[in-house]
Every structure is written in structure tokens, then in C-alpha cells.
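Let's take a look at the empty space in this protein: the pockets that open outward and whatever is closed off inside.

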Amino acid sequence: DKALSGKVEVDFLGGASFDNLRIRHAYISYANWLIGQTWSNFAVPDYIPETVDALVYAGGSIKRTPQVRHTSTFSPATNLVLAVEDPKDGSIKQRLPALTARLNHKFADNLTVSARAMGHEKRINEDEEMAWGVGLGAKYEVVPGTTLKADYYHVKGDSSFVTYANKGVVADITDNLYQSEFDSISVGITQQFNDKLRGTLGYGYMSFDQDAGYIDALSADDKTKTNKDLWQAWANVFYSPTKPLSFGLEYVYGEREAVAAATPNGSTKGEDNRINAVAIYNF
């Protein structure tokens, strides 16, 4: 007598050329269990201010992982979600999956919060370190039509869950392991002006710990790719003339500072300055 359901969702944003078919979500749900690939239990997108860009901005994450998840409901306002999930990031090996936990609580009809934690092993050759992280998100409807969102992460030794993170673990020539550590936050406000028009102002920031051993263990090329700090701010509007159609327009500006200067121009600075647009048809 338990409900069994499933979901499959794909897009064409896969591969190095960003035009190959990619699985986004593919899972089944039975009772309180979920098995398959969907949003990470640790890096949830619920508290990220709305963006036109499908790849999200600094301070946020849109990680989807293969996982096995169980939800325990304590009350209509509170539930605990536990999961084992795949933490691979392409630069490191693991023997075991990541363990993640998420506690959701609804204080009132207009305030929802989520506290999260994760931990897993990172290995280089036979050496290992424990990666861990915590997160806290909140969504608050100030008045009908005006919503605030905020999301915070503190992570050590992992680059698989939060977008734009540096390599989680690196090794020096004697196989000593060093871990990256960072804090990130995103905040934003969305205003629903009327049934057809809404807009969002958002800001995201990431600050990375400058551990001397970690930096020394990086190659010269990796140092130019490693962030010291990173921020982005954006403003957008979405217009829905009829129910299935929506059009979005967004301006984003951001800056990054690298650990070391790039060879071509001798600068540690980078800039993101662009306009995004999207057309959506819901069916």
C-alpha cells in the first residue's frame, strides 16, 4: 500500500563541448526511501536566490549525485533526511560513499530552515584525510510576494559538493596531504510584482583559507586556477505573459582573485561581466 514513483530528467549540457545528452535526475521513490540520482542531500538548491544561469553563481551549489536516501518525519514541520551518496570530483579517489544529513524545520508558514552536514574519506595513493562540511539555509517570506533566501557553507577537504571550490586535497612530493578549507554564502531577495512579473537581486561570496602547505603542494598551473576569493552579484527579471511561457533577462558582475598570477598577463584578478537571457516553456 506504499506509493512507488520515479523520475527521469535529461538535458544537453554534458561533456566538454556542453552539447551532449546528460542525465540530471533518474531515481525511484518508495515510501520514505529514494534510490538514484537527484539533488545532493547536502548541497540543496532550495535556498539559492533565483538565477537565469543554469550553472549557479558563487556561494551556491546545484550538485546532483547517485544516492540512497531515507526520510524520517517527526512532525508536519520537521523531518530528518539521511543519505549515502557519491562524492567523486574527478581529481581524487574514495573507497566509501559520503554520509550526509539534513534537518528541515518549518517555524511558520513564512519561515523554513535547513541544517546540513557531510563527511567522507579522501585518498591519494595510500594516504587519506577526512573531508567534512556543514551548511545552513533559510527562506523567509517577509510579506506576501517578497521572499528572502540565504545559504551558508563551511567545507574542509572537499570540492565535489559546492560549486567553484578549489581542489579538496593535494599531495606534496613526499605524499603529505593538505586540505582546502573555505566559507561561502549567498543571499538574495525576490519580489513578485504581479502575476506576470518578478525580479531577484542576489549576491554570492566565497573565501578560501590560504594554507601555506596546501599552496606549496600545488603545481604552478594549478596555482593560477586556485581561488583566493570569489564573488558575484546579479539582478534579473522574469516575465510570464501566459501560463506555459516565461522569459528571463539577467545582468551579472563578479570578480575572482587567484593564488598566483596567470602567465599571459601577470594578473591574479578575473572578471565576470555579462548579460544572460532565457526562454522557458513548461508542459
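A pocket here is an open set of grid points with protein on both sides within 12 Å along at least five of seven lines, while a cavity is a set of points where a 1.4 Å probe fits but cannot get out. Keep in mind that this is a predicted model.

The largest pocket comes in at a volume of about 620 Å³. It has 20 lining residues, and Val52, Ala54, Val278, Ile280 and Asn282 are the closest to its centre. As for strands, β1 (4–14), β2 (20–30) and β16 (269–281) each put at least two residues into that lining. The top contributor is β16, with 4 residues.

Next up is the second largest pocket, at about 380 Å³. Its lining counts 19 residues, with Lys63, Asp89, Ser159, Ser160 and Val162 the closest to the centre.

What about enclosed space? The structure has 1 cavity of 30 Å³ or more, and the largest cavity holds about 40 Å³. Its lining is made up of Asn166, Ser180, Phe208, Asp209, Gln210, Tyr214, Ile215, Thr226, Asn227 and Val259.

Here's how the linings break down by residue class:

| Site | Nonpolar | Polar | Charged |
|---|---|---|---|
| Largest pocket | 11 residues | 3 residues | 6 residues |
| Second largest pocket | 6 residues | 7 residues | 6 residues |
| Largest cavity | 4 residues | 5 residues | 1 residue |

Note on methods
Residues numbered from 1 in each chain as written. Predicted model: local features only at pLDDT ≥ 70, side-chain atom pairs only at ≥ 80, totals over all residues. Heavy atoms only, no water. 1 Å grid on protein atoms, 1.4 Å probe; cavity = no way out; pocket = protein on both sides within 12 Å on 5 of 7 lines; lining within 4 Å. Points joined across faces, edges and corners; volume = space filled by probe spheres on them. Nonpolar A, V, L, I, M, F, W, Y, C, P; charged D, E, K, R; others polar.
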